[in-house]
Amino acid sequence: MTIKSSDLEQDKLYKMQHSTAHVMAQAVLHFFPEAKLGIGPPIENGFYYDFDLGLDDDDKSRTFTPEDLKKIEKEMKRIINGKHEFTYRELTPDEARQLYKDQPYKLELIEGLVQGGTDEYGNEADEATTLSTYCHDTFEDLCRGPHVEATNKIRSDSFKLMSVAGAYWRGDENNPMLQRIYGTVWHNKKELKAYLKRLEEAKKRDHRKLGKELDIYTFDDEVGSGLPLWLPNGGIMIEEIEKLAKEMERKRGYLPVRTPHLTKEDLFLRSGHLPYYADSMYPPMEMEGVTYYIKPMNCPFHHKIFSSRPRSYRDLPMRLAEYGTCYRFEKSGELMGLMRVRSMQMNDAHIYCAESDFETEFMDVVDLYQEYFRLFGIDKYVMRLSTHHKNGLGKKYIDNERLWLKTEVMVRDAMTNGNVPFVEVTDEAAFYGPKIDVQIWTALGREFSLATNQVDFAQPSQFDLTFTNSKGEAETPLCIHRAPLSTHERLIGFLLEHYAGKFPIWLSPEQVRIIPITTIHNEHAVQLENRLKDLAVRAKADMGSERMNAKIRQAQLMKVPYMVVVGDKEIAENTIALRKRDGTRQNNMPVDEFVASLVEKIATRSDKL
């Protein structure tokens with residue numbers, strides 16, 4: 001196998017991240033010698049380390065201050081310049097317990113590693129793990145590595161401590177809250193500077209910031225956390241995305257259905273969702289002696305639609321699509337803008353097919369993903385085959401090892417035969433079958449989890465779903481759960497950041513702002529507005545009292561694609577002075593030419609201004 005130079009550089013950066021985390025922990029102990037240590041792994045673009053600083057003078061948990069971080073950074077530079085070697089050694093359990101006798105979190109890690117139950121990240125381990133440490137200078141940490149050869153391999157001007165956050169030990173809210181310091185480190189000062197610049201640009205693109213500035217959505221305390229209210233601009237975007245999806249699905253033979261927002265408990269017991277999803281569902285309601293749940297997903301309802309009448313092989317594949325709202329009680333600490341919400345509008349569908357049609361149907365969904373990606377200009381994405389783990393059978397997954405292995409081979413073969421690259425990840429499947437998850441990246445390089453394509457070998461049997469095959473025999477179909485555009489919430493959050501709010505014309509809530517030079521041109525501006533509206537163009541004539549330049553500035557802030565200025569000359573010549581969002585201008589443009597070009601770009605969903 002050929003190892004690329006880029007792979008070697010990435011491996012080197014990983015070691016630098018891991019080593020800098022250790023240096024930071026040593027610096028923290030220099031100022032807080034009684035601190036208790038958690039873990040300090042490398043992460044994307046940096047590293048972190050968790051600390052328990054104990055209580056302050058007011059018996060409250062001690063936290064790091066900005067001044068603390070400055071002192072820690074300075075001490076880290078001193079350590080780095082000391083050129084201390086990283087040395088590895090293995091320990092017996094008793095040696096490890098003695099070394100960390102005053103570090104309770106390390107002792108807990110040691111016991112997990114010795115017993116082979118869990119590793120330092122709380123993941124199940126198949127067998128006991130060798131206990132090892134890495135030591136540099138006066139600091140020795142329980143660690144498997146890898147690390148750089150010595151501290152001076154880290155450049156003292158190429159790292160920065162970024163922030164402090166609270167983090168439950170091992171991610172469990174029942175455990176103590178620790179203080180987590182995040183940092184970043186790069187090969188050199190230039191790379192660090194470039195990364196910090198990308199972060200500044202990312203802040204400008206943050207969908208929470210843009211969503212407020214562009215009047216896309218809002219939250220209200222009296223409505224509830226995680227329950228977005230879509231403002232008119234957001235409502236327009238949702239309608240455009242639904243229109244797009246329905247056009248795509250109509251071409252592929254999907255059938256629209258609608259289902260209620262709540263159902264009897266029996267439905268989710270039969271589907272198997274209730275025991276697996278109870279913690280993320282809203283609590284039950286009891287009326288007239290019947291228990292109801294608000295729905296967290298659509299699939300059990302679609303199974304009922306399939307079973308509402310006898311089905312033949314001639315009816316299959318049957319593709320049922322719904323644009324309904326589902327509700328999940330995400331934990332308060334996990335809510336984040338539109339990315340993690342409690343009310344979500346699902347771009348959802350379920351495909352019922354014979355096993356012989358599985359590969360064609362599954363890959364048609366993958367092709368649909370790729371068509372959407374081309375439309376939205378998503379150049380970077382990864383398809384992940386998420387499989388089960390045998391240790392989770394009967395707990396996290398349906399207990400049928402034979403069908404797990406069979407359907408995983410089916411998905412793996414389908415992707416391979418379709419020449420679609422994918423990576424494989426163990427222990428991340430749905431509870432009823434393997435799936436393809438799609439990770440995508442914005443134009444700025446931020447990663448999102450978006451689409452999913454899931455195989456279900458369990459629920460069709462649980463719901464007694466059958467069709468009569470060509471031999472006249474009853475056969476159980478496979479079910480494919482797919483959501484190529486995720487939820488509207490997550491998708492619009494992604495698109496806000498991907499486009500920095502500068503949406504393609506077809507998706508822009510407002511497509512044209514008409515700006516009269518003075519009030520005497522208002523009537524003509526309204527006439528042009530009405531002409532565009534008759535052609536289903538979202539146009540608005542600005543009749544405010546502000547000066548023309550102020551109106552142009554306001555339209556630019558709202559990232560309107562086209563600003564059309566009209567005055568005496570334009571009225572007399574039946575032209576417009578066109579200003580585009582990107583700063584380009586075109587004077588003396590015939591109105592008919594502008595309208596024809598605009599309508600065509602909207603109809604074809606062009607990404608060109």
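Arg252 counts as buried, at 15% relative accessibility; here buried means under 20% relative accessible area, exposed over 50%, and partly exposed in between (1.4 Å probe, protein chains only). The side chain of Arg252 meets that of Glu371 in a salt bridge, 2.8 Å from N to O. For the term itself, a salt bridge is a side-chain nitrogen of Lys or Arg within 4 Å of a carboxyl oxygen of Asp or Glu. This pair links distant parts of the chain, 119 residues apart: Glu371 sits in helix H11 (residues 358-376), Arg252 in the loop between H7 and strand E11 (255-256). Glu371 is partly exposed, with a relative accessible area of 25%. The two also belong to a network of salt bridges that links Arg252, Asp364, Asp367 and Glu371.

A word on what you're looking at: this is a predicted model, where local features need pLDDT of at least 70, side-chain atom pairs count only at pLDDT 80 or more, and totals for chains, interfaces and linings use all residues. Residues are numbered from 1 along each chain as its sequence is written, and side-chain values use heavy atoms, with hydrogens and water left out.

The structure holds 38 salt bridges. Three of them, set side by side:

| Salt bridge | N to O distance | Separation in sequence |
|---|---|---|
| Glu240 and Arg538 | 2.8 Å | 298 residues |
| Glu371 and Arg252 | 2.8 Å | 119 residues |
| Lys396 and Asp427 | 3.4 Å | 31 residues |

Are Glu240 and Arg538 buried or exposed? Glu240 is buried, with a relative accessible area of 14%, and Arg538 counts as buried at 17%. Lys396 and Asp427 are another story: Lys396 is partly exposed at 41%, and Asp427 is partly exposed at 29%.Zooming out, the protein chain has 18 helices and 30 strands; these are DSSP runs (H or I of at least four residues for helices, E of at least two for strands), numbered from the N terminus. The C-alpha trace spans about 90 × 70 × 60 Å along its principal axes, and buried residues make up 50% of the 609 residues.

Now the cysteines. Taking a disulfide as a pair of cysteine sulfur atoms within 2.5 Å, the count comes to 0 disulfides. Cys135 is in none, with the nearest cysteine sulfur, that of Cys143, 12 Å away. Why is Cys479 not bonded to Cys299? Their sulfurs are 7.3 Å apart, too far for a bond, even though Cys299 has the closest cysteine sulfur to Cys479. Cys479 is also buried, with a relative accessible area of 0%.

The backbone has a few oddities too. Most residues other than glycine have a negative phi, and most peptide bonds are trans. The bond from Gly145 to Pro146 is cis, with omega near 0°, and Pro146 is found in the loop between strand E6 (139-142) and strand E7 (159-168). A cis peptide bond also joins Leu316 and Pro317, with omega about -5°; Pro317 lies in the loop between helix H10 (299-306) and strand E15 (318-322). As for positive phi, Asp215 has a value near 55° and is partly exposed at 38% relative accessible area. Asp464 has a positive phi of about 55°, sits in the loop between helix H13 (459-462) and strand E23 (467-468), and is exposed at 57%.
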